[in-house]
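Please walk through this structure with attention to how its parts are packed against one another, starting from a single helix and moving outward to the core and the aromatic pairs.

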Amino acid sequence: MHFVDQALHVLASLFLVAVGTTLLVVFVLLFVDLAQTGNAVRRNYPVIGRFRPIFESLGEFMRQYMFAMDREELPFNRAQRGWVERAASAGSMTVAFGSTRETRLPGTSIFVNAPFSLLDEECRDTSEVTVGPNGPNPYTTNRIFHISGMSFGAISRPAVMALGKGAAMAGCWMNTGEGGLSPWHLEAGNDVVFQFGTAKNGVRTPDGELCEKRLKGIGAEPQVKMIEIKLSQGAKPGKGGILPGGKVTKEIAWARGIRPGQDAISPNRHREVSNSGELLDLINRVRDIGGKPTGYKAVIGNPQWLDELLELINQRGPDSAPDFITVDSGDGGTGAAPMPLMDNVGMLIAESLFILVDALNRHGLRDRVRVVASGKLVTPTEVAWALCAGADFAVSARGFMFALGCIQAMRCNKNTCPTGITTHNPRLQRGLNPPSKAVSVANYQRRVEEELKIIAHSCGVAEPHLLRREHCRIVRPDGQSVPLSELYPRAA
């Protein structure tokens with residue numbers, strides 16, 4: 001009995017200590033909140049006002065997992081993420097009962113099935129497409145869907161390793177993004193598109209100019225098949241890359257040619273490129289030094305500029321043209337960008353892809369310049385639409401991030417990614433196992449291409465590259481649909 005009395009006495013003492021400590025903390029917070037002038041809510045509602053950011057954070061979680069419908073979320077809804085997850089895990093791709101998509105919404109793509117679809121024996125393998133056929137090292141592939149640019153630094157070493165191995169298994173290319181070429185990009189023997197942006201990461205001199213020696217060395221890598229000059233990207237057109245110093249490790253700094261621990265801020269444009277002529281000069285300089293097909297990536301803003309560029313190409317001769325152009329959508333994603341640029345600057349690919357393809361046709365350069373479509377193309381539906389519009393290839397970054405296990409936590413810029421994809425915290429990276437995730441990456445890529453073929457065969461063509469604008473209809477605001485060929489007649 002004495003032991004019980006002692007235990008109760010200790011518990012009572014601990015309770016009083018806890019209550020006293022809590023009251024002390026509340027009074028301290030009360031004094032701090034009343035004294036501070038930076039937050040009006042906390043000044044007017046001390047202590048309780050501190051719960052507001054907590055509830056905001058919880059609201060994001062609750063909406064994603066409990067309240068949002070399958071097709072409601074942005075930038076990618078649960079139905080899209082679920083499709084990628086099933087494809088990456090080689091799960092069943094069939095659904096039951098009926099579509100949950102509201103097919104009457106304006107902008108919805110509806111593919112035109114043929115009255116007599118093709119038999120399996122009437123179909124054929126996807127045709128090969130060659131980039132830079134007149135150059136010293138043309139690149140030929142029969143893959144349509146590829147991994148878009150995600151730089152080492154923006155994503156982790158395990159993520160790079162998994163993407164590279166997955167690309168090797170699937171036979172597609174992997175774009176390095178603007179963070180330079182690391183050993184992890186090459187480890188699996190996969191095809192690589194080397195990208196550099198305005199900071200010239202990976203091919204820069206100490207003062208940020210283009211280093212011809214480094215560029216020549218990268219071009220000599222057999223796995224590097226093409227070189228992409230990034231002018232702009234969808235999430236931040238007119239703004240250079242942003243990598244917080246907390247993510248610039250020694251390894252990442254070495255790959256980029258910068259100092260560790262410092263914010264990596266790229267210029268808003270290439271310093272040596274202020275007009276169309278200088279852009280063509282840079283493209284040809286890079287192609288001559290690197291020896292690989294060379295193109296550029298950009299978001300389209302002013303369509304008239306394309307005519308100016310293409311007219312200049314014809315004046316100089318077709319050999320002066322970029323071997324490919326990657327057109328990015330104004331609603332593209334990134335790890336960190338100013339919200340006004342992410343929300344409201346740059347044309348969407350739903351419009352700009354047609355503008356680019358038709359401009360190339362008008363100037364007689366469509367066969368010379370390959371077109372790569374980029375921007376929220378994560379399922380076969382979006383990729384098939386891009387092919388109908390006139391693209392040769394489609395690339396995705398966030399689709400492959402979902403294949404790696406991304407849960408759209410929206411923490412890419414905080415180094416706290418819970419799935420290990422966009423963090424350099426070793427504890428969080430441990431959750432991403434490169435060998436197993438590489439299989440997921442390959443499964444996803446293969447499934448997209450398999451279902452591309454299903455759409456093509458339903459439309460009555462033998463392979464996806466034969467899809468045309470008349471094979472896709474777009475729902476208008478009145479609920480009726482019209483063929484893409486009427487909305488955007490092909491330029492002669």
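In this predicted model, the buried residues of helix 5 are covered by elements that include strand 4 (145-147), strand 5 (173-175), helix 6 (183-186), helix 14 (398-404), helix 15 (426-429) and helix 16 (434-458). Helix 5 itself runs over residues 157-170 and is mostly covered, since 10 of its 14 residues are buried. The buried set consists of Pro158, Ala159, Val160, Met161, Ala162, Leu163, Gly164, Gly166, Ala167 and Ala170. The length of helix 5 can be checked as well: at 1.5 Å a residue, its 14 residues should span 20 Å, and because its end C-alpha atoms are 20 Å apart, the two values agree. Just after helix 5, Gly171 takes a positive phi of about 85°.

From helix 5, Leu163 leads into the interior. When neighbours within four places in sequence are left aside, Leu163 is in contact with Ile147, Met150, Ile155, Met174, Phe400, Leu404 and Val441. Leu163 also belongs to the largest nonpolar core, which has 103 residues, and it is listed there among those with the most contacts inside the core, together with Ile147, Tyr296, Leu353, Trp385, Ile421 and Tyr444. The element that gives the most to this core is helix 12 (residues 349-362), with 8 residues. Apart from this core lies another, of 10 residues, among them Val193, Phe324, Val372 and Val395.

The aromatic rings offer a further view of the packing, with a count of 9 aromatic pairs. One of them joins Tyr139 and Trp173 in a tilted arrangement, 6.2 Å centre to centre and with 55° between the planes. Tyr139 lies in strand 3 (residues 139-141) and Trp173 in strand 5, so the pair ties together parts that are 34 residues apart in sequence. Tyr139 counts as buried because its relative accessibility is 5%, and Trp173, at 3% relative accessibility, counts as buried too. Ring pairs link these two residues with Phe393 into a cluster.

What arrangement do the rings of Phe354 and Tyr488 form? This aromatic pair is stacked, with 3.9 Å centre to centre and 5° between the planes. Phe354 sits in helix 12, whereas Tyr488 is in the segment after helix 17 (484-487), and the pair thereby links distant parts of the chain, 134 residues apart. Phe354 counts as buried at 1% relative accessibility, while Tyr488, with a relative accessible area of 27%, is partly exposed.

Note on methods:
Residues numbered from 1 in each chain as written. Predicted model: local features only at pLDDT ≥ 70, side-chain atom pairs only at ≥ 80, totals over all residues. Heavy atoms only, no water. Core = buried A, V, L, I, M, F, W, Y, C linked by side-chain atoms within 4.5 Å. Buried < 20%, exposed > 50% of the residue type's maximum accessible area, 1.4 Å probe, protein only. Helix = DSSP H or I, 4+ residues; strand = E, 2+ residues; numbered from the N terminus. Contact = heavy atoms within 4.5 Å. Expected span 1.5 Å × (residues − 1). Phe/Tyr/Trp six-rings, centres within 6.5 Å; stacked < 30°, edge-to-face > 60°.
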